[in-house]
Amino acid sequence: MIHQSNKSGPCTAVVGLQWGDEGKGKIVDLIAPGFDAVVRYNGGANAGHSIVVNGERYALHLVPSGILYPGKLAVVANGVVVDPDQLLKEIDGLGERGVDTSGLRLSDRAHVVLPYHKIEDQVRELALSKRRDAGGGVGQIGTTKRGIGPCYADKVLRALAVRVGDLRRPDILRERVEISCEQRNALFGALGVDHEPFDAARIIDAALAAGERLEPLITDTVYLLNDLIDAGSSLLFEGANATLLDVDHGTYPYVTSSNSSALGIGAGTGVPASKIGRVVGVMKAYSTRVGSGPFPTELLDDTGDRIRERGREYGTTTGRPRRIGWLDLVAVRYSAMINGITGLAITLLDVLAGFDELQVCIEYEIDGKRTGRFLPDSADLERATPIYTALPGFLDQIDAATESNDLPDEAKRYVSLIQDHVGVPVELVSVGPDRSQTLAGSPV
Ligand code: IMP
């Protein structure tokens, strides 16, 4: 079939504009009712989306957030790396809480995260940190240790990779896992890594058992998604991780291993870019980052600690305290450009209540010159000094606001500054974790 036209309304993408944890899960969950399917296109169990529905918190890592709406398709597309044990754990957990997971679909071309990927992730990180401690090297990336990098590396190396479709082809699976274990055992031995050799037979048996349980979900999601578009359905693409962690466009090498900006949608789903009409960029009202890497506006003082506690800024996936900083509009503008965003969703504005003054970075200074351009190369970004503009803070709590015009003038000014600098309309402002704590549009 030739997929020529998009008969539906615009397909929409929701992507993070900073270093992750912007609250994409909540925004996806809010706008999901208008779509027929919610699609994950990149990353794996490194992502953590927390959503609060009727006071109940759900933490999802692999299952698209749209699953919380009965009758909707929730598609894990080919660009995702899938840890079968984690996926089954999430399916079982949702089932126990009465959530219907029958809309879940899994691409036969998604790559499978196996136990040796997770161990290799840990071993490589440990080796990097030891080298750093001994006085050399880039230091660890600070990964989530979910095996993401090694799994994507196998995908590109080809001969070692296992795809979801291979879970139902025991001969291919066996061969791939055996080669992987042989090579990794030899490599770990040569590197002097103190680790029990990988037992290929055990890994194969577990993968086949998981494959049997996942079998009903496995399909060719490229045709599924394009057929849906041709039939007039509209799709919602849910970005995992975030733009500044994109392997090509983020702060390399302190990034994740996939195209986590909206640019990853085409390759990660088989749906061409021309079918995506709307891109919502989600940004926190301040900045956070987990793991290593440059962070020009980082706050290593009491203000940072206060924001961390108020915003409960601890990783959904790893529990690590997040690094905190003032809002960096140089970074956000760059991300807005890369993603071609058509609207903004500003989250966690309530966390900034109670500060006398708020700082927003609008330019950098590097080598004695001012620039409004982001510096995605980590070595350059490390040398950038933020230039701030100060705004009066808003002292009253705003979590009970029900429309954007309820916000105090200082909060309205903060939102307007963001909108003016980024140059796209603010569609949503979030003032608390619950679905109800969301204000439509920019204040006037
Ligand atoms: P990896 O994706 O586990 O390889 O980790 C690479 C880098 O991306 C680390 O700094 C992680 O902390 C970061 N990272 C990956 N996924 C997320 C996310 O969903 N939110 C925030 N940081 C993330």
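**Exercise 1. Find which residues of helix H4 (residues 148-157) are buried, and then find what covers them.**

Solution. Begin with the helix itself: in H4, the residues Ile148, Pro150, Cys151, Tyr152 and Asp154 are buried. Bear in mind while looking at these residues that the model is a predicted one. Next, turn to the surroundings, where the cover over the buried residues of H4 includes strand E6 (81-82) and strand E8 (111-112), together with helix H3 (115-133) and helix H5 (170-190). Finally, follow the chain out of the helix, where Arg158, just after H4, takes a positive phi of about 75°.

**Exercise 2. Describe the chain as a whole: its helices and strands, its extent and its burial.**

Solution. Start with the elements, which are 12 helices and 20 strands. Then take the extent: the C-alpha trace spans about 65 × 60 × 40 Å along its principal axes. The radius of gyration of the chain is 22 Å, and this agrees with the value near 22 Å that a compact globule would have with 444 residues. As for burial, 56% of the 444 residues count as buried, while the chain exposes about 18200 Å², of which carbon and sulfur atoms supply 50%. Consider next how the chain contacts itself: among contacts between residues at least 6 apart in sequence, 77% join residues that are at least 24 apart. Last come the charges, 46 positive and 59 negative, whose mean positions lie 2 Å apart.

**Exercise 3. Work out the order of the strands in the open sheet of 10 strands, and name the strands at its edges.**

Solution. Reading across the sheet, the order is E9-E7-E5-E2-E10-E1-E11-E15-E19-E20, and the pairing is mixed. The edges are strand E9 (218-219) and strand E20 (438-440), each of which pairs on one side only. Within this order, look at strand E15 (residues 343-347) and strand E19 (residues 426-430), which run parallel and are joined by three bridges. As an example of a bridge here, Ala345 has Leu428 in E19 as its partner.

**Exercise 4. Follow strand E2 (residues 37-40) and decide whether its two faces are covered or open, and then trace its pairing.**

Solution. First recall a rule: in a regular strand the side chains alternate between the two faces of the sheet. In E2, Ala37 and Val39 lie on one side and Val38 and Arg40 on the other, and all four are buried, so that both faces are covered.

Then take the pairing with strand E5 (residues 73-76), which runs parallel to E2 and is joined to it by four bridges. Along this pair, Ala37 stands opposite Leu73, and Val38 stands opposite Ala74. The pairing with strand E10 (residues 235-238) is likewise parallel, with four bridges, and there Arg40 stands opposite Glu238.

Now step onward to E5, where Leu73 and Val75 point one way, Ala74 and Val76 point the other way, and all are buried. Strand E5 is also joined to strand E7 (residues 104-107) by three bridges, and these two strands run parallel. One of the bridge partners in E7 is Arg105, which is matched with Val75.

**Exercise 5. State how many residues of helix H10 (residues 329-339) are buried, and name the elements against which they pack.**

Solution. Helix H10 is mostly covered, since nine of its 11 residues are buried. These are Leu329, Val330, Ala331, Val332, Tyr334, Ser335, Ala336, Ile338 and Asn339. They pack against strand E1 (11-16), strand E11 (276-284), strand E14 (327-328), strand E16 (357-366) and helix H12 (409-422).

**Exercise 6. Locate the backbone features at Pro253, Asp21 and Leu348.**

Solution. For Pro253, the peptide bond from Tyr252 is cis, with omega near 5°, and the residue is found in the loop between E10 and helix H8 (264-269). For Asp21, phi is near 65°, a positive value in a residue other than glycine; Asp21 sits in the loop between E1 and helix H1 (24-31). With a relative accessible area of 24%, Asp21 is partly exposed. Leu348, although not a glycine, has a positive phi of about 60°, and its place is the loop between E15 and E16.

Definitions and conventions: Residues numbered from 1 in each chain as written. Predicted model: local features only at pLDDT ≥ 70, side-chain atom pairs only at ≥ 80, totals over all residues. Heavy atoms only, no water. Buried < 20%, exposed > 50% of the residue type's maximum accessible area, 1.4 Å probe, protein only. Pairing = 2+ DSSP bridges. Rg over C-alpha atoms; globule rule 2.2 N^0.38 Å. Contact = heavy atoms within 4.5 Å. Areas by Shrake-Rupley, 256 points an atom, 1.4 Å probe, with all protein chains shown as cover. Lys, Arg positive; Asp, Glu negative; His and termini not counted. Charge placed at Lys NZ, Arg CZ, Asp CG, Glu CD.
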